[in-house]
Amino acid sequence: MSPRIWTAPMTFHHLRQLHISCIEHEPGLCVLPALPVLETLALNFCCYCLECPRQGQGPCALLQFQRLPQLRSLSIAGAQRKSISWCGRAVRLRKLEIEFSSGLDLHQILASLGWDLEELHLLDCEFVAEVPRPVVAFPALRRVQLLESISGLAAFGSAEVPSSAEFTLRISHNDLDGLADWSLVWRLLQRCSVLLSLPRSGIHQWPPASTSRLSQVMSLPQVRVEGPPWSADITKGRQDIPSGRREIQHHG
């Protein structure tokens, strides 16, 4: 059913899951009606559409979290800078997934969430920060995955998260060097468990220079490193090291 036929007074009293695709192709603004028991919401924009009618130039969806009081899981794919407008707070949200999106303000999104957030998954995203960064707290946060989405890490530099939270970072060897607010990010990485997933190709120097941010992070005792390439001088005489996936525990 197309969202364009929904009217403001319409309410779905029993709907628990909703998945909407190709929102840009709908005329006007997609405004979700009141969904008092909705628990899972997925919004897919035109991340693969070659002839997108809007190309991220205007708002396509309005999320009014006060109309979604039971929302537990939210996933967004293919969104661009002005694809979504937010209002209210998702106080019961436990899981947020954002994939293949660019131009979104992650700080603003996090400020719209409540204390129940447990998992955050970001894949192939590029975030911006356009508004003053509010201090947010997520005492229940357990897992954060940033896969090719290193710009999202800065949003947690000023956030209050438990030291038990686990961060998985799939990054290139120089991604940390261009990260803003490094002092805040560094303090975060010092406190939390971190798994660094590095590419097996494209690294011209291994191990990295001792002065690099990557080397500093790898030296932390609670950081694990997965998948870096081994240079010839390191692997020589080390036939016991498998050629597939490798994990190294680094101690400072």
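How many of the five residues of β13 are buried? In this predicted model, the count is four, and strand β13 is thus described as mostly covered. The surroundings of β13 offer a convenient way into the fold, and the paragraphs below start from the chain as a whole before returning to this strand.

The chain holds four helices and 15 strands. Of its 252 residues, 46% are buried. About 12700 Å² of the chain is exposed, and carbon and sulfur atoms supply 50% of that area. Among contacts with a separation of 6 or more, 58% join residues that are 24 or more positions apart. Confidence should be kept in view while reading on: the mean pLDDT of the chain is 81, with 75% of the residues at 70 or more. Residues 230-252 have a pLDDT below 50, and in the model this stretch makes 34 contacts beyond near neighbours in sequence.

Strand β13 spans residues 193-197 and pairs with β12 in the parallel sense, over five bridges. Within this pairing, L169 has L196 of β13 as its bridge partner. Both β12 and β13 also take part in covering helix α2, where the buried residues are W182, V185, L188 and L189, and the elements over them include β12, β13 and α3 (213-218). How are these buried residues arranged around α2? Viewed down the helix axis, the buried residues of α2 fall within an arc of 120°, so they line one face of the helix.

Aromatic residues add further detail to this region. The structure holds three aromatic pairs. In one of them, the ring centres of F156 and F167 are 5.7 Å apart and the ring planes meet at 85°, so the arrangement is edge-to-face. F156 belongs to the loop between β11 and β12, whereas F167 sits in strand β12 itself, so the pair ties together parts that are eleven residues apart in sequence. Are these two partners buried or exposed? F156 is buried, at 0% relative accessibility, and F167 is buried too, with a relative accessible area of 1%. Another pair is formed by W182 and W186, whose ring centres are 6.1 Å apart and whose planes stand at 35°, so this pair is tilted. Both tryptophans lie in helix α2 (residues 182-191), four residues apart, which is about one turn of the helix. W182 counts as buried because its relative accessibility is 14%, and the limit for burial is under 20%.

The loop that carries F156 also holds S158, placed between β11 (143-147) and β12 (166-170). With a relative accessible area of 23%, S158 is partly exposed. From S158 to H107 the distance is 9.6 Å, C-alpha to C-alpha, although the two residues are 51 residues apart in sequence.

Parallel pairing appears elsewhere in the chain as well. Strand β1 (residues 17-21) and strand β3 (residues 40-44) pair in the parallel sense over five bridges, with H19 standing opposite A42 in β3. Which side chains of β1 are buried? L18 and I20 are buried and point to one face, while Q17, H19 and S21 point to the other face and are not buried. Such a pattern is familiar, because in a regular strand the side chains alternate between the two faces of the sheet.

An open sheet of three strands, in the order β2-β4-β6, likewise shows parallel pairing. Its edge strands are β2 (30-31) and β6 (84-87), each of which pairs on one side only. Strand β4 (residues 61-64) pairs with β6 in the parallel sense over four bridges, and A61 stands opposite I84 in β6. Q64 is found in strand β4 and counts as buried, at 16% relative accessibility. What does Q64 touch, leaving aside residues up to four places away in sequence? V31, L32 and C87 are the residues that Q64 touches on that basis.

Note on methods. Residues numbered from 1 in each chain as written. Predicted model: local features only at pLDDT ≥ 70, side-chain atom pairs only at ≥ 80, totals over all residues. Heavy atoms only, no water. Pairing = 2+ DSSP bridges. Helix = DSSP H or I, 4+ residues; strand = E, 2+ residues; numbered from the N terminus. Buried < 20%, exposed > 50% of the residue type's maximum accessible area, 1.4 Å probe, protein only. Contact = heavy atoms within 4.5 Å. Areas by Shrake-Rupley, 256 points an atom, 1.4 Å probe, with all protein chains shown as cover. Phe/Tyr/Trp six-rings, centres within 6.5 Å; stacked < 30°, edge-to-face > 60°. Arc of directions from axis to C-beta. pLDDT = per-residue confidence, 0-100.
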